[in-house]
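The following note is offered to a colleague who has not yet examined this entry. Please read the numbered points alongside the sequence and the 3D view.

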Amino acid sequence: FLLPRMLLAMPAVDLSQSSLQLSLDGHKFHLDPYWLRERCLSQLSVDLSTLQPLLNPHELPMDMTFENASILGNDTLQVAFTDGHTSKYQLKTLLAELTDFRSNPIQPAQYERPRPSLWSGDLQLTSYNHHDIITNEEVRLNLTEMLLTKGVALVKKIPKEHGIVTAFAKNMSTLRTTDWGPFFNVRVTPDTAGKTAKQDLAYTGKAIGLHTDNPYRDPTPDFQLLHALEHCSCNGKAPCDGCSVLNYIVDGFYIAELLRNESQESYDLLSSIPVRFENNGGDGTSALVTMFPHLELSHDKKEIQAVRFSAKSGQYAPALSPEMAAKFYQARRRFSELAHQPEHALTMQFEPGDILVFDNRRVLHARSHIPANDAARWVQGCYMDRDGLWYAFERLRRIVRG
Ligand code: AKG
């Protein structure tokens with residue numbers, strides 16, 4: 001016969017030596033004394049206004065364990081520790097964290113974290129009107145969420161003002177300035193904004209294959225913004241038969257997933273062998289060199305966190321054994337081949353006043369050759385931080401959605 005659900009769901013606690021067994025909602029958890037103690041919210045343990053812990057790890061006694069434990073009123077766990085301290089815990093708070101560690105922090109009052117959602121070439125790129133973004137918090141929230149889930153969005157009708165791309169980025173997040181300054185100019189004419197002209201493949205008329213920017217920086221810039229100031233030599237004057245330059249973007253997380261489905265071994269190689277990315281400072285006066293695998297995974301290796309892929313940054317592989325080298329180069333070739341398959345890309349042509357915003361640690365971008373008659377094309381770009389976007393997302397979410 002069936003016991004009533006109330007009875008089945010009754011929480012229970014059982015103490016033995018150094019671990020506490022908590023039976024809760026059909027689960028049995030074995031809790032360590034230090035794990036529970038670091039969650040104690042008494043005024044001896046935290047600053048009550050911020051909930052920030054007061055004690056350093058060495059300030060708790062060694063070999064601390066439990067003196068006793070009991071359930072109070074069906075919703076609270078009370079624990080006495082061997083150093084004489086007693087703590088109380090809400091069972092529902094413990095359960096939330098025990099079943100989803102990432103999503104249930106202690107100090108923030110609320111927390112929601114959108115997850116990446118993968119896409120291929122059939123993605124309908126969402127466009128936002130610049131005026132709506134700066135005047136309407138709901139639109140800004142939607143844009144922020146789009147960037148955190150799809151990793152890409154298009155913003156239209158931004159004034160064609162020099163440097164406005166950084167003002168826009170600062171409005172969305174914190175700006176990631178580099179040694180190139182707060183922004184960079186992509187045009188065939190050399191960028192002479194600094195003391196010396198900076199050079200890059202992007203500042204020639206040559207096509208650039210799919211890549212992420214600045215993998216040679218540590219940390220690699222999070223989000224990239226590209227603002228189209230001029231799209232071709234007509235300078236916006238009619239008649240214009242149109243700029244011929246095309247831009248392409250591809251979801252690197254999706255490509256990594258395709259590769260993993262084809263060959264776990266290839267995925268493992270690209271996520272474990274660090275390659276060397278290089279840049280000479282743009283003018284030969286310096287050097288930036290980093291070593292990262294192409295695919296960066298979370299600690300538990302279950303999730304992809306970043307893609308670094310840029311032929312123009314060298315991505316030199318270490319000298320591997322002939323067998324490993326053959327597998328590595330085949331894996332990288334396949335990743336590149338999959339990324340460059342047209343059905344996985346969004347193809348677009350910038351219009352002056354557009355800003356394309358994308359996750360530079362996820363989305364690969366490319367551009368076609370710039371013919372001589374489009375040499376006036378001028379794109380201004382900058383970078384912004386991911387954590388500023390997380391901050392904006394949560395702040396706006398609480399305002400707009402409560
Ligand atoms: C880059 O600066 O990394 C580019 O790929 C240039 C993009 C463009 O010219 O549209």
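1. Glutamine 380 belongs to strand β22, which covers residues 378-384. The coordinates discussed here and below are those of a predicted model.

2. Is glutamine 380 buried or exposed? Glutamine 380 counts as buried because it has 23 C-beta neighbours inside 10 Å, and the cut-off for a buried residue is 20 or more.

3. Once residues up to four places away in sequence are set aside, the contacts of glutamine 380 are Val165, Phe183, Asn185, His227 and Leu229. Alanine 345, by comparison, is 35 residues from glutamine 380 in sequence, with a C-alpha to C-alpha separation of 22 Å.

4. The ligand is surrounded by Val186, Ala202, Ile208, Asp213, Leu226, Asn247, His365, Arg367, Val379 and Gly381. Two or more residues of this shell come from each of β21 (363-367) and β22. By class, the shell holds five nonpolar, three polar and two charged residues.

5. The largest nonpolar core comprises 63 residues, and the members touching the most others are Leu225, Ile249, Val250, Ile355 and Val357. A second core of nine residues lies apart from it and includes Leu22, Leu24, Phe66 and Leu77.

6. Valine 357 merits its own entry. Neighbours within four places in sequence aside, valine 357 is in contact with Leu147, Val152, Ala153, Val155, Phe223 and Leu225.

7. On the overall layout, the domain assignment divides the chain into domain 1 (5-99) and domain 2 (127-401). A distance of 45 Å separates the C-alpha centres of domain 1 and domain 2.

Conventions:
Residues numbered from 1 in each chain as written. Predicted model: local features only at pLDDT ≥ 70, side-chain atom pairs only at ≥ 80, totals over all residues. Core = buried A, V, L, I, M, F, W, Y, C linked by C-beta atoms within 7 Å. Buried ≥ 20, exposed ≤ 12 C-beta atoms within 10 Å, placed from the backbone. Contact = placed C-beta atoms within 7 Å. Helix = DSSP H or I, 4+ residues; strand = E, 2+ residues; numbered from the N terminus. Domains from an automatic or database assignment. Near = placed C-beta within 6 Å. Nonpolar A, V, L, I, M, F, W, Y, C, P; charged D, E, K, R; others polar.
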